[in-house]
Amino acid sequence: MDIGIIGAGNVGIGIADALAYLGIGKKVTIFNRNIDKALGEIWDLNDSIPLLNSDMELFATDNYNDLTKCDVIVITVGAKQRPEQSRIELLEENLKITKEIIENIDKVNLDAYIIVVTNPVDILTRLAIEISQRDKSKIFGSGTVLDSIRLKEAIGEKLNINRKNIHAYIIGEHGDSEFPLWSACHIGPLKLEDFNIENLEEFKKETALKVKNRAYSIIEKKASTRQAIGVSVANIIKAIALDEKKIFTLSTNIGELCKCIKKDVCLSIPCVLGKNGIEKKLLMNCEEDEFELLKQSAMKLDNIYNL
Ligand code: NAD
């Protein structure tokens, strides 16, 4: 697989590192407006390739023509959150950048899958779908993939169960209105309700809050997040490359599934991902209160989009 990464910042390089460490991708091209930063990053990563299970070739560029043959292009460019700043507050700065990037990618490559990572990811994914000339199904956002991993980790830690045996999803906005789809949470064969958790409501509230605040906590300590988003996006790319049919909570429009949510709004729901991109969007009969939260999340994102 030939992969393009727009942005040689924390997230862009976090993704490149993860691809190299996991042995995903044959050719990775890193695009950055400051070519020297991209060159320095690929030289550094390149020196580690002989020690890894990877035969990846790395390139740096500031020219969109070098992305013509990419199968997947990941957008990571833009302003990042400062401590206590919400993802939504990045919108003004990142809207213009994302629009320009999509228009430039469209001029050279209309076939690649586009994965939006820049925040606010749901709104920028919607923008990308609206303005790009490519097949709309080829564009989605990394959404709440990382939040869902954090949720499994938080549940596993509290219940002393291996996270790999926990099925749990954060859906809605990748941001302050996100929430766990508790009705679909399973610990091995058991529904969460059947696990005999003392004070279940308190457990749910604390866990959801911990997950929601995780990025804020990390940004407060080290100014940005990098590792986990890098590995998350590398796993999304791997699912496409190897046709894995794995389930990820990706940002996508759910109009056809939910008539009462405006069709263009993008937010995260569990999606089956394979060589054809999002092959199925899964939105089960969630509880009424969960559906209400999803609607609220959608309304918030729609209002901001239309400002
Ligand atoms: P960073 O500052 O380290 O890197 C940003 C990159 O964008 C740099 O390469 C910079 O040169 C480039 N850039 C900034 N403004 C530009 C412009 N006007 N034109 C062209 N290039 C420009 O930031 P980061 O930590 O890599 O974060 C990047 C984005 O990813 C942020 O929006 C951040 O919020 C988002 N992010 C998303 C998730 C997620 O789960 N979706 C997780 C972490 C970070």
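The chain I am showing is assigned two domains, domain 1 covering 2–141 and domain 2 covering 145–305. Before going on, please note that this is a predicted model. The centres of the two domains, taken over C-alpha atoms, are 22 Å apart. As for the contact between them, 37 residues of domain 1 meet 41 residues of domain 2.

Now the ligand. Both domains take part in its shell, each of domain 1 and domain 2 giving at least three residues. In total the ligand is surrounded by 21 residues, and the closest of these are Asn10, Val11, Asn32, Ala79 and Val117. Sorted by class, the shell comes out as 11 polar, 8 nonpolar and 2 charged residues. Two helices, α1 at 10–22 and α3 at 91–108, supply at least two shell residues each.

Which atoms of the protein does the ligand approach through its oxygen and nitrogen atoms? I have three contacts to list. At arginine 33, a side-chain N or O atom is 3.3 Å from an oxygen atom of the ligand. At glycine 78, the partner is a polar backbone atom, 3.1 Å from a ligand oxygen. At valine 117, a backbone N or O atom lies 2.9 Å from a nitrogen atom of the ligand. On its own the ligand would expose 860 Å², and the protein buries 81% of that area.

Let me stay with one of the closest residues, valine 11. Valine 11 sits in helix α1. What does valine 11 touch, leaving aside residues up to four places away in sequence? The list is Thr76, Val117, Thr225 and Ile229. Val117 in that list is also among the closest residues to the ligand. There is a further pairing to mention here: valine 11 and valine 233 are 222 residues apart along the chain, yet their C-alpha atoms are separated by 9.5 Å.

Next, two points on the backbone. As background, most peptide bonds are trans, and most residues other than glycine have a negative phi. Where is the cis peptide bond I want to show? It runs from asparagine 119 to proline 120, with omega near -5 degrees. Proline 120 belongs to the loop that links β5, residues 113–116, and α4, residues 121–131. The second point is asparagine 196, where phi is positive, near 60 degrees, in a residue that is not glycine. Asparagine 196 is in a loop as well, between β11 and α6, the latter spanning 200–222.

That brings me to β11 and its sheet. The sheet is open and has 3 strands in the order β7-β10-β11, with antiparallel pairing. Which strands are at the edges? They are β7 at 166–167 and β11 at 190–191, each pairing on one side only. Strand β10, residues 186–187, pairs with β11 in the antiparallel sense, over 2 bridges. Within that pair, isoleucine 187 is opposite leucine 190 of β11.

To recap, the ligand shell draws on both domain 1 and domain 2, and the protein buries 81% of the area the ligand exposes when taken alone. For anyone looking through the backbone afterwards, the places to check are the cis bond before proline 120 and the positive phi at asparagine 196.

Key. Residues are numbered from 1 along each chain as its sequence is written. This is a predicted model: local features need pLDDT of at least 70, side-chain atom pairs count only at pLDDT 80 or more; totals for chains, interfaces and linings use all residues. Side-chain values use heavy atoms; hydrogens and water are left out. Two strands pair if DSSP finds at least two bridges between them. Helices (H or I, at least four residues) and strands (E, at least two) are DSSP runs, numbered from the N terminus. A residue is near a molecule or strand if one of its heavy atoms lies within 4 Å of it. A polar contact is a pair of N or O atoms within 3.5 Å; within protein, one must be able to donate a hydrogen and the other to accept it, and residues adjacent in sequence count only if both atoms are side-chain atoms. Accessible areas come from the Shrake-Rupley method with a 1.4 Å probe; for residues, only the protein chains shown count as cover. Ala, Val, Leu, Ile, Met, Phe, Trp, Tyr, Cys and Pro count as nonpolar, Asp, Glu, Lys and Arg as charged, and the others, Gly among them, as polar. Domain bounds come from an automatic or database domain assignment. Contact means heavy atoms within 4.5 Å.
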